[in-house]
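Trainee: I have a new structure open and would like to learn how to read its interior. Could we go through it together?

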Amino acid sequence: MDWEGRRESDNVEDQRGSPTGGLAAGGGIVGLVIYLLVTFFGGSPQTANLASQVGGRLADEFITTHSDRQLTPDEKKTGKFVATVFADTEDVWTELLKNTKTPYRYPKLVLFTGQVSTGCGGASSAVGPFYCPVDEKVYLDLDFYNELKHRFGAIGGDFSIAYIIAHEVGHHVQNILGTSNQVRKAQQGTSQVGKNKLSVALELQADFYAGVFAHYEQKYLDSRDIDEALSAAQAVGDDAIQRKVQRQVNPDSFTHGTSEQRKRWFTKGYQTGDINQGNIFAQLK
C-alpha cells in the first residue's frame, strides 16, 4: 500500500509508550462484561451511565506495571501508517455520507498494549480489536496482527492491518446510521441462536463497509493488498477460529460469520463501492 508522505489523522491516540495498565484481579473480566453489555444493549443513556460508572471503578483498579518507554523506530513507523489509514477512512466516509441525514463524525483510534481503559469498561488485548459506541473509539493492540499471522495463518502485510481498522470503522458507521441500535432491539426477546445470527449480520456488514473503503483506496493499492485483506478475513472466520482453537465447529454459536462469508461480503463492498448494496439483514428474513 502506498501510504508514506500522505495526511495522517489527528484522531489517533498512541498509548503504546505510556505505562501499561495491568488490571487488578477481576477487572479484565468485569470490563469485558461491560463491553459486551454496551455491545448488545446499545449506547442508551442508561447503559452509557452504567458503563461509565463501572468503567470508572475499573480505572481505579489499574496498577502501573511498566514505566514510560520510547517507541522503537518500527513502532513509530507503524503508528504513522495507522494514522494515515485512519485519515483515509475519515476522507472516504465523509464523502460517502455527506448527502445523507447523518453526516460522518470522526471517531478516534487508540493504540495500546496489553490493557486499556475505555468508555465501555476495562479491556485487555485478548478481546481483539474492537469499537466502543459509548466513547466512539476504535481500540487496537497491534499484537493482534502477529496473532493473525503466527497463530491463525494470515499472510500478513500492511493492508491486513488496514482491513482490521476499516472493519472497526464500519461498526462506527453502523452506530452513526442507527443500525447497531436496531440490531440490539431485534436481539431482545429472541433465542440465543437468533441473537447470534443478527450479530453475524452486523459483523458481515462491517466487512462489507471495509470492502467499500478499499474500493475508494484503489489508487493507493497494489496487486497484493486485497489478497492480504482476504487472508485476514479468512483467518478471523468463526469456523476457522473454532477449528483452530477447539478442533470442532458449531455453526449455531457463530457471532462473526464464516471465513467464506467474511471474504464474500468484503469482496462485494470492494467491487461495488456502493453502501446501499450491504443490506445483509434483508437476507435473514
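Trainee: Which residues have the most contacts inside the largest nonpolar core?

Mentor: Happy to help, and keep in mind that this is a predicted model. In soluble globular proteins, nonpolar side chains tend to be buried together. Here the largest nonpolar core has 50 residues. Inside this core, the most contacts belong to F81, V82, W93, F159, Y163 and I165.

Trainee: Which element gives the most to this core?

Mentor: Several elements take part: α3 (73–96), β4 (108–111), β8 (137–140), α5, α7 (192–215), α8 and α10 each supply at least two residues of the core. One of them gives the most, with 11 residues, and that is α7.

Trainee: How many residues does the second, separate core have?

Mentor: This second core stands separate, and its members include F112, V116, A123 and F130. Its number of residues is eight.

Trainee: Is A232 buried or exposed?

Mentor: Start with its place: A232 lies in helix α8 (residues 225–235). Among the residues in contact with Y163, leaving aside those within four places in sequence, are A229, A232 and A233. Relative accessibility settles the matter: for A232 the value is 0%, and the cut-off for buried is under 20%, so A232 is buried.

Trainee: What distance separates the C-alpha atoms of A232 and S160?

Mentor: Along the chain, A232 and S160 are 72 residues apart. In space, their C-alpha atoms are separated by 5.8 Å.

Trainee: Is T258, in the loop between α9 and α10, buried or exposed?

Mentor: The loop in question runs between α9 (238–245) and α10 (259–272). Beyond its neighbours within four places in sequence, T258 is in contact with G237, D238 and D239. Its relative accessible area is 17%, and the cut-off is under 20%, so T258 counts as buried.

Trainee: Which residues line the largest cavity?

Mentor: Rolling a probe the size of a water molecule over the atoms shows where empty space is left. The structure holds one cavity of 30 Å³ or more, and about 30 Å³ of space lies in the largest cavity. Two elements, α4 (143–150) and α5 (158–177), give two or more residues to its lining. The full lining is L140, D141, L142, F144, Y145, I161 and I164.

Trainee: How many residues of that lining are charged?

Mentor: Six residues of the lining are nonpolar and none is polar. That leaves the charged group, and its count is one.

Conventions:
Residues are numbered from 1 along each chain as its sequence is written. This is a predicted model: local features need pLDDT of at least 70, side-chain atom pairs count only at pLDDT 80 or more; totals for chains, interfaces and linings use all residues. Side-chain values use heavy atoms; hydrogens and water are left out. Helices (H or I, at least four residues) and strands (E, at least two) are DSSP runs, numbered from the N terminus. Buried means under 20% relative accessible area, exposed over 50%, partly exposed in between (1.4 Å probe, protein chains only). Contact means heavy atoms within 4.5 Å. On a 1 Å grid over the protein atoms alone, a cavity is a set of points where a 1.4 Å probe fits but cannot get out, and a pocket is an open set with protein on both sides within 12 Å along at least five of seven lines; lining residues have an atom within 4 Å of a point. Grid points are joined across faces, edges and corners, and a volume is the space filled by probe spheres set on the points. Ala, Val, Leu, Ile, Met, Phe, Trp, Tyr, Cys and Pro count as nonpolar, Asp, Glu, Lys and Arg as charged, and the others, Gly among them, as polar. A nonpolar core is a set of buried Ala, Val, Leu, Ile, Met, Phe, Trp, Tyr and Cys residues joined through side-chain atoms within 4.5 Å.
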